[in-house]
Amino acid sequence: MSPENRAMPAPEFSRIVNADAVRRADVTETIEATEAERRALAERLELEEIGSLTATVRLRAVRGGQMIRVSGTLEADVVQTCVVSLEPVPAHVSESFEALFAPESMIEDPGLEIDIDPSLSDEESPEPMENNRIDIGELAAQHLSLGLDPYPQAPGVAFEGYDDGPDEAAVVEEPEKPNPFAVLQQLKSRS
């Protein structure tokens, strides 16, 4: 089976919205991860635990109904691992996000060389809809990942193991080496 024909595993936190429903009327959904979804997502994101994950997502048709603008907020209670002591570090993540989705036929092949319009922000570069569907659960999971502290530390813990270089007191003075041109300098001064 070729790599392009292999089915991708379903995301841990998947909530599908059909773009046709959004084209008829704006859609607002509040989604919450189940215990099994939180466990699987915690494993993917290398978290000790996700205690809760809720997102409120609004979808609306834009650009004449061709594209779908998704905006949302997410709230999550997570437990990360301290990068110094490996102790559990509870944290609350609160993120807002936006994305633009378009049918695959409207998005240029990434293998082609294209001119990127510098006036477009990253949010204006549309993501492809697969089979006219948008997975708002996976979108929330991706933004949860972006909202995590990359270097969580337990309260009162400081990293003391990093060595900036040799300690000034530990530097041993080497004896001064003779200048190889000293002899030439002496000859020059005699002339």
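With a relative accessibility of 53%, V183 counts as exposed, because the threshold for that class is over 50%. In this predicted model, V183 is placed in helix α4, which covers residues 182–190. Together with F181, L184 and L187, V183 makes a nonpolar surface patch of about 420 Å².

The protein as a whole comprises 4 helices and 7 strands, and these elements follow one another along the sequence in the pattern β-α-β-α-β-β-β-β-β-α-α. Of the 191 residues in the protein, 27% are buried. The accessible surface amounts to about 13700 Å², and carbon and sulfur atoms contribute 50% of this area. Among contacts in the protein with a separation of 6 or more, 68% are made by residues that lie 24 or more positions apart.

The largest nonpolar core contains 33 residues, and within this core the residues with the most contacts are L53, L59 and L144. At least two residues of the core are supplied by each of the helices α1 (19–24), α2 (35–44) and α3 (136–147), and likewise by each of the strands β2 (27–32), β3 (49–62), β4 (67–81) and β5 (88–103). The surroundings of L59 were examined further, with neighbours within four places in sequence left aside; on this basis L59 is in contact with V17, V22, D26, V27, I68, R69, V70, I134 and I136.

Strand β3 takes part in two of the pairings described here, one with β2 and one with β4. The strands β2 and β3 run antiparallel and are joined by 6 bridges, and in this arrangement T30 stands opposite T56 of β3. The pairing of β3 with β4 is also antiparallel and extends over 13 bridges, with T56 standing opposite T73 of β4. T56 thus has T30 opposite on one pairing and T73 opposite on the other. The strands β3 and β4 form a hairpin with 4 residues between them, and in the turn R63 adopts a positive phi of about 55 degrees.

Positive phi values also occur in the loop between β6 (127–129) and β7 (133–135), where N131 is placed and where N132 is likewise found. Most residues other than glycine have a negative phi. For N131 phi is near 55 degrees, whereas for N132 phi is near 65 degrees. The two asparagines fall into separate accessibility classes: N131 counts as exposed because its relative accessibility is 67%, and N132 counts as partly exposed because its value is 23%.

Side chains of opposite charge can pair when their charged atoms come close, and the structure holds 7 salt bridges. One of these is formed by E12 and R44, whose closest N and O atoms are 2.5 Å apart. E12 lies in the segment before β1 (16–18) and R44 lies in helix α2, so this pair ties together parts of the chain that are 32 residues apart in sequence. Both partners count as partly exposed, E12 at 23% relative accessibility and R44 at 35%. E12 and R44 are further linked with E138 in a network of salt bridges.

A second salt bridge joins the side chains of E37 and R15, with an N to O distance of 2.7 Å. This pair links distant parts of the chain, since E37 belongs to helix α2 and R15 to the segment before β1, 22 residues apart. E37 counts as buried because its relative accessibility is 15%, which falls under the limit of 20%.

A further salt bridge connects E98 with R69, the closest N and O atoms being 3.7 Å apart. Here E98 is located in strand β5 and R69 in strand β4, and the pair links parts of the chain that are 29 residues apart. The partners differ in their exposure: E98 counts as partly exposed at 43% relative accessibility, whereas R69 is buried, with a relative accessible area of 12%. R69 also appears among the residues in contact with L59, one of the residues with the most contacts inside the largest nonpolar core.

Note on methods:
Residues numbered from 1 in each chain as written. Predicted model: local features only at pLDDT ≥ 70, side-chain atom pairs only at ≥ 80, totals over all residues. Heavy atoms only, no water. Patch = residues over 30% accessible without salt bridge, like charges linked within 9 Å, V, L, I, M, F, W, Y side chains within 5 Å. Areas by Shrake-Rupley, 256 points an atom, 1.4 Å probe, with all protein chains shown as cover. Salt bridge = Lys/Arg side-chain N within 4 Å of Asp/Glu carboxyl O. Buried < 20%, exposed > 50% of the residue type's maximum accessible area, 1.4 Å probe, protein only. Contact = heavy atoms within 4.5 Å. Core = buried A, V, L, I, M, F, W, Y, C linked by side-chain atoms within 4.5 Å. Pairing = 2+ DSSP bridges.
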